[in-house]
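Here's a quick briefing to read with the structure open beside it. Take the topics in any order you like.

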Amino acid sequence: MHSIRWVFSLGLLASAAFQPAFAEGFDREQILEQMKASRPLDLVVIDQRDGAQQYTLGIFAVERDSVDPEMRRFKLWHESSDNLLIPTESVNCGLEQPLRVTRDTSSVYVRKLNPGGPWHASTREDHLVWWAACHPDLAGQDPAGLADKARELGYSTELIESQEVLRLPAP
């Protein structure tokens, strides 16, 4: 219930922030500052780019599943110069099948990961999110440098990465 109120409050804040901007002309810097000011207190920034393609990726509200202690649920903060998305996702931190589950409007994506093993630019975000949710003390570190830490934690670093796409029924 608390998270519903928080999301609703954030929505009201966003609508209040954007309404005057459209009435008086779009002030991009003011909107960006309002987005930054509305960041949750427990937000941990795990990736950031400045310049023309400004982008901030953060994680917050991380919770262990009450039934499966290997599962974590959390919210992501995808902030760009013209948008803010806050999806709820989950990861499995287990040694045998580490994975990230995410979704968009048409599909659910189940991505099997190989913590500490080789990865590609296309899966960098998956690894950043997984490490931040499963091992918060390593949040924001470059996944390329975590092979020794992964082996120390018991991960094989030789798992095969894959993605399964589950299409949602059309509305």
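What follows is a short tour of one strand, its partners, and a few residues worth a look.

Keep in mind that this is a predicted model. The tour starts at strand β3, residues 71-80, where 9 of the 10 residues are buried. From there we move to the nonpolar core with 20 residues, then to the 1 disulfide in the structure, and finish with A61 and T157, two non-glycine residues with positive phi.

**Strand β3 and its partners**

- β3 is mostly covered, with 9 of its 10 residues counted as buried.
- On one pairing, β3 runs antiparallel to β2 (residues 55-64), and 8 bridges hold that pairing in the count.
- If you want a landmark for the β2 pairing, look for F60, which sits opposite K75 of β3.
- The link from β2 to β3 is a hairpin of 6 residues.
- β3 also pairs with β5 (residues 88-92), again in the antiparallel sense, through 5 bridges.
- Here the landmark is F74, which faces E89 in β5.
- Then there's β4 (residues 83-85), antiparallel to β3 and joined to it by 3 bridges.
- For this pairing, find S80 opposite N83 of β4.
- A hairpin takes you from β3 to β4, this time through 2 residues.

**F74, a β3 residue in the core**

- F74 belongs to strand β3, and it is one of the residues with the most contacts inside the largest nonpolar core.
- Is F74 buried or exposed? Its relative accessibility is 1%, so F74 counts as buried.
- Leaving out neighbours within four places in sequence, F74 has contacts that include I59, F60, A61 and V62.
- The list for F74 goes on with P87, T88, E89, S90 and V91, and it also takes in V129 and A133.
- For a sense of spacing, the C-alpha atoms of F74 and I86 are 10.0 Å apart, while the two residues are 12 apart in sequence.

**H78, another β3 residue**

- H78 is also placed in strand β3.
- With a relative accessibility of 16%, H78 falls under the 20% cut-off and therefore counts as buried.
- Which side chain does the H78 side chain meet in a polar contact? The partner is the side chain of Y55, at 3.3 Å.
- Beyond residues up to four places away in sequence, H78 touches Y55, T56 and L57, along with N83, L84 and L85.
- P87 and E125 complete that set for H78.

**The largest nonpolar core**

- The largest nonpolar core is made of 20 residues, and I46, I59, F74, V91 and W130 have the most contacts inside it.
- β2, β3 and α3 (124-134) each put in at least two residues of this core.
- Which element gives the most to the core? That's α3, with 7 residues.
- I46 is worth selecting on its own: among the residues it touches, setting aside those up to four places away in sequence, are L57, G58 and I59.
- I46 also touches L128, V129 and A132, as well as A139 and G140.

**The disulfide**

- There is 1 disulfide in the structure.
- C93 and C134 form it, with sulfur atoms 2.0 Å apart.
- Why does this pair tie together parts that are 41 residues apart in sequence? Because C93 lies in the loop between β5 and β6 (99-103), whereas C134 is in helix α3.
- The torsion about the S-S bond is about -85 degrees, so the disulfide is left-handed.
- Both C93 and C134 are buried.

**Two positive phi values**

- A61 isn't a glycine, yet its phi is positive, near 55 degrees.
- You'll find A61 in strand β2.
- A61 has 29% relative accessibility, so it counts as partly exposed.
- T157 isn't a glycine either, and its phi is positive at about 65 degrees.
- Look for T157 in the loop between α4 (147-153) and β8 (162-167).
- T157 is buried, with a relative accessible area of 10%.

Terms used. Residues are numbered from 1 along each chain as its sequence is written. This is a predicted model: local features need pLDDT of at least 70, side-chain atom pairs count only at pLDDT 80 or more; totals for chains, interfaces and linings use all residues. Side-chain values use heavy atoms; hydrogens and water are left out. Buried means under 20% relative accessible area, exposed over 50%, partly exposed in between (1.4 Å probe, protein chains only). Helices (H or I, at least four residues) and strands (E, at least two) are DSSP runs, numbered from the N terminus. Two strands pair if DSSP finds at least two bridges between them. A polar contact is a pair of N or O atoms within 3.5 Å; within protein, one must be able to donate a hydrogen and the other to accept it, and residues adjacent in sequence count only if both atoms are side-chain atoms. Contact means heavy atoms within 4.5 Å. A nonpolar core is a set of buried Ala, Val, Leu, Ile, Met, Phe, Trp, Tyr and Cys residues joined through side-chain atoms within 4.5 Å. A disulfide is a pair of cysteine sulfur atoms within 2.5 Å.
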